[in-house]
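Visitor: Could you take a close look at one part of this model and then follow it into its surroundings? A single connected answer would suit me best.

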Amino acid sequence: MARRKKIYEGKAKILYEGPEPGTLVQYFKDDATAFNAEKHAVIEGKGVLNNRLSEFFMTGLAQVGIPTHFLRRLNMREQLVRQVEIIPLEIIVRNFAAGSMAKRLGMEEGAALPQPIIEFSLKDDKLGDPLVPEEYIIAFQWASQQDLDDIVRLALRVNDFMSGAMYGVGIKLVDFKIEVGRIWDGDFQRLVVADEISPDSCRLWDLQSGEKLDKDVFRRDLGNLTDAYAEVARRLGVMPTNATHITKPTLIN
Ligand code: C5P
């Protein structure tokens, strides 16, 4: 039987060689990990939801002129994406204090920040994705100063779009992580949003109740993760309104 070539397997996704040069197939697994993979579970239906939600956000970004690697969704768990050269940084944008920032600075979770704050972590599982200052990034040539300026602009545009999209459905975007990739166009590079945007990589709180609708539900054992993600999908209109809990693959258009 023919097998396709696996390019990379991460904690929540697999990348396969795509049907044309310069493309990849991004497969969303059901695996959930936290605390640098110390905590792990397989949560049925999570991959289907994240595939759908990431498609929704990436398509929305493209519609407002923010370039991404996304080409099209192929099926319930897979999407076709452009092959990019990933910049080895996790770009985190924060609107409210939470998670590692709240802990590091002794802040109350949910405290509004005076302005969106962007921070960078080195993508390195062995080191636990350490926070790195811009000076390290430039000195070790993970990205140039020009790249960083472009990344900050891109991340703030993503923040504006995502904050508005979520606010419109009664959800506060507390923080999120993106990854950025380079695409070469002859001698010129373009930076695009890559990887995924989903409740795995955002903090999403209900505006009224403060209920968490993101991966913190898994990290902090707060309830059923797919119920939380399905609620986000339902509010955004990317899932049938009656789908609250996905127990097995469900055909969605
Ligand atoms: O843990 P921390 O507070 O630094 O996370 C900030 C944001 O970045 C959260 O939305 C979290 O889900 C996301 N993140 C991520 N992948 C990581 C680290 C953080 O998606 N490896």
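**From a loop to the ligand shell**

Guide: N36 sits in the loop between β4 and β5, where helices (H or I, at least four residues) and strands (E, at least two) are DSSP runs numbered from the N terminus. The model is predicted, with local features requiring pLDDT of at least 70 and side-chain atom pairs pLDDT 80 or more, while totals for chains, interfaces and linings use all residues. Numbering starts from 1 along each chain as its sequence is written, and side-chain values use heavy atoms, without hydrogens and water.

F35 belongs to the loop between β4 (31–34) and β5 (39–42). Most residues other than glycine have a negative phi. The phi of F35, however, is positive, near 50 degrees, and that of N36 is also positive, near 50 degrees. N36 is partly exposed because its relative accessibility is 37%; the class lies between buried (under 20% relative accessible area) and exposed (over 50%), with a 1.4 Å probe and protein chains only. F35, at 48%, is partly exposed.

E119, in strand β10 (residues 112–122), offers a contrast: its relative accessibility is 10%, so E119 counts as buried. Its side chain makes a polar contact of 2.9 Å with that of R94; such a contact is a pair of N or O atoms within 3.5 Å, and within protein one must be able to donate a hydrogen and the other to accept it, with residues adjacent in sequence counting only if both atoms are side-chain atoms. Leaving aside residues up to four places away in sequence, E119 touches E90, I91, I92, R94, S100, R104 and L131, contact meaning heavy atoms within 4.5 Å.

Several of these names return at the ligand. Among the 15 residues around the ligand, those that come nearest are E90, R94, S100, D175 and R203, a residue being near if one of its heavy atoms lies within 4 Å. A ligand nitrogen is 2.8 Å from a side-chain N or O atom of E90, and a ligand nitrogen is 3.4 Å from such an atom of D129. For D175, the corresponding distance, to a ligand oxygen, is 2.6 Å. The protein buries 80% of the 460 Å² that the ligand exposes when taken alone, by the Shrake-Rupley method with a 1.4 Å probe.

At least two shell residues come from each of β9 (89–96), α2 (99–105), β11 (171–185) and β13 (202–206). The shell comprises eight charged, three polar and four nonpolar residues, where Asp, Glu, Lys and Arg are charged, Ala, Val, Leu, Ile, Met, Phe, Trp, Tyr, Cys and Pro nonpolar, and the others, Gly among them, polar.
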